[in-house]
Amino acid sequence: ENECTGKLATFFRTRILVTIDHWVLMLTPQDFFDFKSDPLVADLFADCRYVWEAIPRLAGHVARLTEGKQTVLGNVHPGAVIGSEPVYIAASARIEPTAYVQGPAYIGPGAVVGHGAFVRANVIMLANSVLGHACEAKNTLLLPGAHAAHFNYVGDSLVGARANLGAGTKLSNLTVTSTKDADGKRPTIQLDVAGQLYDTGLAKMG
């Protein structure tokens, strides 16, 4: 009985270590996201060694995708508000009543901005993604079919294809211990992965 217990413990310990070793290697965009889900995905992560490097590049991608102007091809309810910033709203995209698209933002084919939702600066919503009722997004990428559908805050984040955030989920983009220094700057977020420290260079990351 003791021998069996020992073998079982060794088996699970080995499996856990193998899992951890695999997880340690999951730092690149390809480890997290399906580049075949949309032709734009590979472009948005081009030259990113680590997955978080895509976050500060979102503003540049939005500027390129909107071409610095407003293009509204989709269905915008009369009760919705589109701000003065550059936005691209694709054909078949839908902006529901009382939604506010501040922009700059790219809203792809079939994407939905729900009732009362707030699309802030540098948001990219790829095909069939959803920012639903009373949700807010800022400096965020929603990959194809990603849903933040009910009472979500999504800041400085990358949400994978077909991911579904449960109602009320908040992707807080600031650590609870973050405080500004004398110059008003916050420390960058650092990740300790198996004893190796990775500095993201970001003060905010969802």
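Colleague: Where is the place of Pro104 in the chain?
Modeller: Happy to start there, and bear in mind that this is a predicted model. Pro104 is joined to Gly103 by a cis peptide bond, with omega at about 0°. As for its place, Pro104 sits in the loop between β6 (100-101) and β7 (105-107).

Colleague: What are the mean pLDDT of the chain and the share of its residues that reach 70 or more?
Modeller: One stretch deserves caution: over residues 5-24 the pLDDT is below 50. Beyond near neighbours in sequence, that stretch has three contacts in the model. For the chain, the mean pLDDT is 89, and the share of residues that reach 70 or more is 88%.

Colleague: How many helices and strands does the secondary structure of the chain come to?
Modeller: Let me set the scene with the chain itself, which has 206 residues, 40% of them counted as buried. It exposes about 11100 Å², with carbon and sulfur atoms supplying 56% of that area. The secondary structure comes to four helices and 20 strands.

Colleague: Which are the edge strands of the open sheet of six strands?
Modeller: The strands of this sheet follow the order β2-β5-β8-β11-β14-β17, with parallel pairing. At one end, β2 pairs with β5 (residues 94-95) over two bridges, and Val76 has Ile95 as its bridge partner there. An edge strand pairs on one side only, and that describes β2 (75-76) and β17 (164-165).

Colleague: Which residue stands opposite His133 in β14?
Modeller: Let's walk along the sheet to get there. Strand β8 (residues 112-113) runs parallel to β11, joined by two bridges, and Val112 has Val130 as its bridge partner in β11. Three bridges then join β11 to β14 (residues 147-150), also in parallel. Opposite His133 in β14 stands His150.

Colleague: Is Ser129 buried or exposed?
Modeller: Ser129 is found in the loop between β10 (123-125) and β11 (130-133). Leaving aside neighbours within four places in sequence, its contacts are Gly110, Ala111, Val112, Leu142, Leu143, Gly145 and Ala146. With a relative accessible area of 0%, which is under the 20% cut-off, Ser129 is therefore buried.

Colleague: Which residue has its backbone oxygen 2.7 Å from a polar atom of the side chain of Ser129?
Modeller: The partner is a residue with many contacts of its own to look at. Not counting residues up to four places away in sequence, Leu126 touches Asp38, Leu40, Val41, Leu44, Tyr106, Ala111, Leu141, Leu142, Leu143 and Pro144. The backbone oxygen lying 2.7 Å from that side-chain atom of Ser129 belongs to Leu126.

Colleague: Which residues touch the most other members of the largest nonpolar core?
Modeller: As background, nonpolar side chains tend to be buried together in soluble globular proteins. The largest core here has 25 residues, and α3 (39-44) and α4 (58-66) each supply at least two of them. Apart from it lies another core, of 24 residues, among them Ala111, Ala117, Val119 and Val123. In the largest core, the residues touching the most other members are Phe45, Trp52, Ile124, Leu126 and Leu141.

Colleague: Which backbone oxygen does the side chain of Thr200 reach at 2.7 Å?
Modeller: Thr200 is in the segment after β20 (196-199), and it is buried at a relative accessible area of 10%. Leaving aside neighbours within four places in sequence, it is in contact with Trp52, Ile189, Leu191 and Met205. A polar atom of its side chain also lies 3.1 Å from the backbone nitrogen of Leu202. The backbone oxygen reached at 2.7 Å is that of Ile189.

Colleague: Which residue in the turn of the β19 and β20 hairpin has a positive phi?
Modeller: Strand β19 (residues 190-193) pairs with β20 in the antiparallel sense over four bridges. Within that pairing, Leu191 stands opposite Tyr198. The hairpin has two residues between its strands, and the one in the turn with a positive phi, about 55°, is Ala194.

Colleague: Does Phe151 count as buried or partly exposed, and at what relative accessibility?
Modeller: Phe151 lies in the loop between β14 and β15 (153-155), with a positive phi near 55°. Asn139, in the loop between β12 (136-138) and β13 (140-142), also has a positive phi, near 45°, and counts as buried at 12%. Phe151 falls between the cut-offs of 20% and 50%, so it counts as partly exposed, at 44%.

Key
Residues are numbered from 1 along each chain as its sequence is written. This is a predicted model: local features need pLDDT of at least 70, side-chain atom pairs count only at pLDDT 80 or more; totals for chains, interfaces and linings use all residues. Side-chain values use heavy atoms; hydrogens and water are left out. A nonpolar core is a set of buried Ala, Val, Leu, Ile, Met, Phe, Trp, Tyr and Cys residues joined through side-chain atoms within 4.5 Å. Buried means under 20% relative accessible area, exposed over 50%, partly exposed in between (1.4 Å probe, protein chains only). Contact means heavy atoms within 4.5 Å. pLDDT is the predictor's confidence in each residue, from 0 to 100. Two strands pair if DSSP finds at least two bridges between them. A polar contact is a pair of N or O atoms within 3.5 Å; within protein, one must be able to donate a hydrogen and the other to accept it, and residues adjacent in sequence count only if both atoms are side-chain atoms. Accessible areas come from the Shrake-Rupley method with a 1.4 Å probe; for residues, only the protein chains shown count as cover.
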